[in-house]
Amino acid sequence: MILVHGLGMSSRYMIPLAEHLAPHLQVYAPDLPGFGLSDKPPQALTVRQLADALAAWMHEIGVKRAAFVGNSLGCEVLVELAVVHPQLVDRLVLQGPTPDPEARGIARQVVGFFLIAPFERWSLAWVALTDYARSGIRRYLQTLRSMVDNHIAEKALRISQPTLVVWGTRDYIVPYAFVTSLAASLPRGRLAAIPGAAHGINYSHPEAFTAALLPFLLAPQERPPTEDLSFEFDVD
């Protein structure tokens, strides 16, 4: 199980989810290049380059195939990984996937971050600020440009692995219409909605997130179904 963080963040805010998953799975949470404690390339890497770097890291540590959970930008990296390096991907969880094709502008994304703040754990703000400082504003903005220009919905049509899209009902960065459309477009897609959660479900609601994830992650692989498997999974 590999957890992939979002824009400007690091593996630190994946720790609550990792702690809940660790009794059931072997969990890794890397820092993507340019973020956290990883090396800082002179130029920010694109979504495609981040996916290639993740694939190279897996090769270095000897992981040939894994299940993945991504948050925000991490979802874009994982969709790219599944398209370019499909042999590495067993199944995907896309939590709070970006970008909404109707709100690709950088300003819209920034406004969304302010709207969700009251619904996250307050300690996440400190984690985010220190991680942003470590990566730097220039790298943040360069990566954000690559992120908002990425056409995740079009690429999702090419993903053959089972994929669970997870959305918080108070995630004002990612509209419900977008996640329902994305889940429906995935050949083997499903949708889980977590009431009261915002964008950082992996940090603020790890128990509810884990409850939604485990049935999907531990289920045996099946042949691609012919019927629609979209569903809504509510966790109190």
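## Leu-94 and its partners in the sheet

In this predicted model, Leu-94 stands opposite Val-165, a residue of strand β4. Leu-94 belongs to strand β3, and on that strand it also stands opposite Gly-70. Gly-70, for its part, lies in β2 and stands opposite Val-4. Followed from one residue to the next, these pairs lead across several strands, and the strands themselves are described below.

The strands β3 and β4 run parallel and are joined by four bridges, while β2 and β3, which also run parallel, are joined by six bridges. Strands of a sheet pair through backbone hydrogen bonds, either parallel or antiparallel.

## The sheet as a whole

Five strands form an open sheet, and their order is β1-β2-β3-β4-β5, with parallel pairing. The strands β1 (2-4) and β5 (189-194) stand at the edges, where each has a single partner strand, so one side of each is left without a neighbour in the sheet. On average, and with direction ignored, neighbouring strands of this sheet are turned by 20° against each other.

At one edge, three bridges join β1 to strand β2 (residues 66-71), and the two run parallel. At the other edge, β4 and β5 pair in the parallel sense over six bridges, and here Thr-163 stands opposite Gly-189 in β5.

## Two covered strands

How many of the residues of β4 are buried? Six of its six residues are, so β4 is largely enclosed by the rest of the structure. In a regular strand the side chains alternate between the two faces of the sheet. In β4, Thr-163, Val-165 and Trp-167 point one way, whereas Leu-164, Val-166 and Gly-168 point the other way, and all are buried.

Strand β3 is mostly covered as well, with seven of its seven residues buried.

## Helices lying across the sheet

Helix α8 (residues 176-185) lies across β3 (89-95), β4 (163-168) and β5, and it runs at about 150° to β5. The buried residues of this helix are Phe-178, Val-179, Leu-182 and Ala-183. They cover an arc of only 125° around the axis, which puts them on the same side of α8. An α-helix has 3.6 residues a turn, so residues three or four places apart point the same way. The buried residues of α8 are covered by elements that include β3, α7 (152-156), β4 and β5, while the face of α8 turned away from its buried side carries the exposed residues Ala-177 and Ala-184.

Helix α10 (residues 206-218) also has strands beneath its course, for it lies across β2, β3, β4 and β5 and runs at about 155° to β3.

## A buried arginine and an exposed histidine

Is Arg-91, which has its place in strand β3, buried or exposed? Its relative accessibility is 6%, and because buried means under 20%, Arg-91 counts as buried. The side chain of Arg-91 reaches the backbone oxygen of Phe-216 at 2.8 Å, and a polar atom of the same side chain lies 2.7 Å from the backbone oxygen of Ala-219. When its neighbours within four places in sequence are left aside, the residues in contact with Arg-91 include Ala-66, Ala-67 and Phe-68, together with Gln-161 and Pro-162, and also Leu-217, Pro-220 and Gln-221.

His-59 offers a contrasting case, and its place is in helix α2 (residues 47-61). With a relative accessibility of 63%, His-59 counts as exposed, because exposed means over 50%. His-59 and Leu-88 are 29 residues apart along the chain, and their C-alpha atoms are separated by 9.5 Å.

## The whole protein

Taken as a whole, the protein has 10 helices and five strands, and of its 236 residues, 53% count as buried. Among contacts between residues at least 6 apart in sequence, 79% join residues at least 24 apart. The accessible surface of the protein comes to about 10500 Å², and 58% of this surface belongs to carbon and sulfur atoms.

How values were computed
Residues are numbered from 1 along each chain as its sequence is written. This is a predicted model: local features need pLDDT of at least 70, side-chain atom pairs count only at pLDDT 80 or more; totals for chains, interfaces and linings use all residues. Side-chain values use heavy atoms; hydrogens and water are left out. Two strands pair if DSSP finds at least two bridges between them. Axes are lines fitted to C-alpha atoms, for helices over the stretch in contact, and angles run from 0 to 180 degrees between N-to-C directions. Contact means heavy atoms within 4.5 Å. Buried means under 20% relative accessible area, exposed over 50%, partly exposed in between (1.4 Å probe, protein chains only). A polar contact is a pair of N or O atoms within 3.5 Å; within protein, one must be able to donate a hydrogen and the other to accept it, and residues adjacent in sequence count only if both atoms are side-chain atoms. The arc is that of the directions from the helix axis to the C-beta atoms. Accessible areas come from the Shrake-Rupley method with a 1.4 Å probe; for residues, only the protein chains shown count as cover.
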